[in-house]
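Student: Could you take one part of this protein and go through it closely with me? I would like to follow how a single sheet is put together.

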Amino acid sequence: MKHVFALVDCNNFYVSCEKIFNPKLIGKPVVVLSNNDGCVVSRSDEAKALGIKTGTPLFKCRDILKKNKGYFYSSNYSLYGDISQRIMFILRRFSPHIEIYSIDEAFLDFKDVKIDDFCAYIKNIKRTIRQWIGVEVSIGIGPTKTLAKIANHIAKKDPQYRGVFDISAYPDIDSLLAGVAVEDIWGVGRQYKKILNNRGIFNALELKNASEIWVQDKMTIVGLKMVWELKGKSCLALEQADVNKKTIVSSRSFGREVRDISELKEAVSSHVSTALKKLRSQGSIASFIAVFLSTNPFKETPQYSNCAGINLIEASSYTPEFTKKAILLLEAIYKKGYSYKKCGVYLAEIMPENRLQMTLFIKDKEREKNKQLMKLIDGINKRFEESKIHMACEGIDQGWKMKQSFKSGRFTTRWNELLVVK
């Protein structure tokens, strides 16, 4: 079979997840909000028709939604993450060659997959996800990842294709490329757009026909590969390996501005616990931690931001040790009198647990005891409820936490939030 890529993209993903468990939302204007319920990050087609744009603050569209019997929800990352995993599991049934590009997108490569009727096979992917999960997807097909991305955009925007478009089967690909602005090509950012426009290149066809020598000179090998991909020559293979993270960041904006260092200590301790949980989940250890904090740059108030880091004597995944270091770092960079909007922690120098370089300063017995304690706590929290057991320094009330005043239930990951059918 010829080399074929497909990009599967969930339509209005966050909103689609909300609709799965709330049928009354079907056909209604629905939006999902960003952290702290600030701005719109996902919109239903009905909300788009009302002129609501991505990034619109809630206070500007709230009355429009109410007038049109619409709904708005806080981001529910537990729900969206679980639904995403289920969709990716389905995609692996159709091809073992998959690259998870984002929470709602994945590339498939159909090499080594025996398919008699390719068109029917692709449509079955879309149908299966709709039946098993309840989410609509758009699928773009092409001989390269870049062309598959363009095909996906066409599948999503043009209703005649019903969510599936194979660009390689189109009789005049150049006419399609002429209608794609350069800024809509995968990999073209603001800087590349400026360079291309100054050269008189405004669409994908003009980029495809541009001088390869000039493109490589101005856009390096990245731009040259982009041109080759537009010409149908595959240069970008799937990134299939489940590579463990080399750095881990845990950070959130506060639900309100924070001035007291005691609340900042709670927030930093909470972020340490989250980051260390992620570290242990991939079987890794780390030997570097940094803490950062900042005021609100969008307010006309005194501004301050800072960051500090420290290396541990020995790489570890033991939460209390990292928490102790994080608190010391926070105390070093904290300045009284400022209203802080955000803080977080950063882990680096991450390596697999089995590659630990031991030191003479930590006894084997102590190291094993710490490891078993973290394993026990993770197991209890996973079985019963997130953060059922946590460090006392993380606080109880956590009034600084991100606002999620309109969040739906975590229907698939919490027993006490299962959907109730009446």
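**A close look at one sheet**

Tutor: Of the 422 residues of the protein, 46% count as buried, where buried means under 20% relative accessible area, found with a 1.4 Å probe and protein chains only. This is a predicted model, in which local features need pLDDT of at least 70, side-chain atom pairs count only at pLDDT 80 or more, and totals for chains, interfaces and linings use all residues. Residues are numbered from 1 along each chain as its sequence is written, and side-chain values use heavy atoms, with hydrogens and water left out.

The secondary structure comes to 13 helices and 12 strands, which are DSSP runs numbered from the N terminus (helices are H or I with at least four residues, strands E with at least two). Four of these strands form an open sheet in the order β9-β12-β10-β11, with antiparallel pairing; two strands pair if DSSP finds at least two bridges between them. Because β9 (248-258) and β11 (305-316) stand at the edges with a single partner strand each, one side of each is left without a neighbour in the sheet. Neighbouring strands of this sheet are turned by 15 degrees against each other on average, direction ignored, with axes fitted to C-alpha atoms and angles that run from 0 to 180 degrees between N-to-C directions.

At the β9 edge, seven bridges join β9 to the antiparallel strand β12 (residues 340-352), and S251 stands opposite G344 in β12. Helix α11 (residues 261-281) packs on the sheet and touches β9, β10 (284-295), β11 and β12, a contact being heavy atoms within 4.5 Å. The direction of α11 makes about 155 degrees with that of β9, the helix axis being fitted over the stretch in contact.

Note on methods:
Buried means under 20% relative accessible area, exposed over 50%, partly exposed in between (1.4 Å probe, protein chains only).
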